[in-house]
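Please consider the following model as it is laid out below. The explanation after it proceeds from the strands to the helices, and then to pairs of side chains.

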Amino acid sequence: MSNPRPKRPNDWDVEQYEGRHAYVWNFGASLIEILAPQPAERILDLGCGPGQLTAQIAESGAIAIGLDKSPAMIAQARINYPKLQFRLADGASFRVDEPVDAVFSNAALHWMKQPELVATCVWRALKPGGRFVAEFGGQGNVRAIVEAISAASGETESQWYFPSIGEYATLLERVGFAVTNAVLFDRPTPLAGEDGLQDWIKMFADPLLALKPVEERPEVIQRVEETVRPKLFRDGVWYADYKRLRIIAHREP
């Protein structure tokens, strides 16, 4: 009998996420500048995680609402920021009680493998003319790491959605958005500690090891490190070969 193929779980190790992967929301701060939240605006943070960026949006005076599919993330967000609103919901099926001025999303959309359903939910949530500001993994994101894991583990099925600019802009236009800006760019991202790459794989890419028994996975990870070390290890620091897709779009009036 073969091992079952797990999907990315809805429950994360939030302690590890907050402790060793703070770069996720630290990089998102520049996206909030593009969002430019205004006092009294209603803004939905789609894939809010533990809520750090939701809180930064709220500091502008906006009414920030965090939404995430993970019960663990929502529970932690409510502990971190008890005065803010956080809701447990799926990005591919959520609805809002009252239309919002903007939908914001950082480092989350690549986990949502029904992108047209997600885009439709975002469109429905927005007021006419409302804006959608998002950044997530784009075409080629973590390619070196994923190819090395696939070679070492035999797993070839991607757990992510990493579109090109053309693919995603076309999808948004089909749903009813006007795309005003789209850029795909490299963001080599330092990973904390000597075990940074191992930690990243265990946090974000563990399902790619699904074909291997648990006791064999440390050896697989070691082979991955050996493969990517010449490209992704510099001056004592591991780097993830991130490529980010940043999108600004508006719901047509």
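The paragraphs that follow lead through selected elements and contacts of this structure.

The model is a predicted one, in which local features need pLDDT of at least 70 and side-chain atom pairs count only at pLDDT 80 or more, while totals for chains, interfaces and linings use all residues. Residues are numbered from 1 along each chain as its sequence is written, and side-chain values use heavy atoms, with hydrogens and water left out.

Strand 1 is a convenient place to begin. Helices (H or I, at least four residues) and strands (E, at least two) are DSSP runs, numbered from the N terminus. The term buried denotes under 20% relative accessible area, exposed denotes over 50%, and partly exposed lies in between (1.4 Å probe, protein chains only). Strand 1, residues 42–46, is mostly covered, with five of its five residues buried. Its two faces are both covered: Arg42, Leu44 and Leu46 are buried on one side, and Ile43 and Asp45 are buried on the other.

Which strands pair with strand 1? Two strands pair if DSSP finds at least two bridges between them. Strand 1 runs parallel to strand 2, and five bridges join them; here Arg42 stands opposite Ile63 of strand 2. Between these two strands the chain passes through helix 3 (residues 52–58), and the resulting β-α-β crossover is right-handed. That term applies if, with the strands pointing away from the viewer, the path from the first strand over the helix to the second runs clockwise. Strand 1 also runs parallel to strand 4, to which three bridges join it, and Leu44 stands opposite Val103 in strand 4.

Two helices can be read together. The buried residues of helix 6 are Ala144, Ile145, Ala148, Ile149, Ser150, Ala152 and Ser153. An α-helix has 3.6 residues a turn, so residues three or four places apart point the same way. Helix 8, helix 9 and strand 8 are among the elements that cover the buried residues of helix 6, where contact means heavy atoms within 4.5 Å. After helix 6 comes Gly154, whose phi is positive, near 85°.

Helix 9, residues 217–232, bends by about 35° at Glu226, and a proline, Pro230, follows within four residues. The bend at a residue is the angle between axes fitted to the seven residues ending there and the seven starting there. The buried residues of helix 9 are Arg217, Val220, Ile221, Val224, Glu225, Val228 and Leu232. Their cover includes helix 6 (143–153), helix 8 (196–204), strand 7 (233–234) and strand 8 (237–251).

Aromatic side chains form a further set of contacts. Rings of Phe, Tyr and Trp (its six-membered ring) pair if their centres lie within 6.5 Å; planes under 30 degrees apart count as stacked, over 60 as edge-to-face and the rest as tilted. By this rule there are nine aromatic pairs. One of them is the tilted pair of Trp111 and Phe204, at 6.5 Å centre to centre with 35° between the planes. Trp111 lies in the loop between strand 4 and helix 5, and Phe204 lies in helix 8, so the pair ties together parts that are 93 residues apart in sequence. Phe204 counts as buried, at 6% relative accessibility. Trp111 and Phe204 also belong to one aromatic cluster with Trp160, Phe162 and Trp200.

Charged side chains come last. Side chains of opposite charge can pair when their charged atoms come close. With a salt bridge defined as a side-chain nitrogen of Lys or Arg within 4 Å of a carboxyl oxygen of Asp or Glu, a search of the whole structure finds nine.

One salt bridge joins Lys69 and Asp90, whose closest N and O atoms are 3.4 Å apart. Lys69 lies in the loop between strand 2 (63–68) and helix 4 (71–80), and Asp90 in the loop between strand 3 (85–88) and strand 4 (100–106), so the pair ties together parts that are 21 residues apart in sequence. Lys69 is partly exposed, with a relative accessible area of 42%, and Asp90 is partly exposed at 27%.

Another salt bridge joins Asp101 and Lys127 (3.1 Å, N to O). This pair links distant parts of the chain, with Asp101 in strand 4 and Lys127 in strand 5 (residues 126–137), 26 residues apart. Asp101 counts as buried at 17% relative accessibility, whereas Lys127 is partly exposed at 32%. Finally, a network of salt bridges links Glu135, Arg187 and Arg246.
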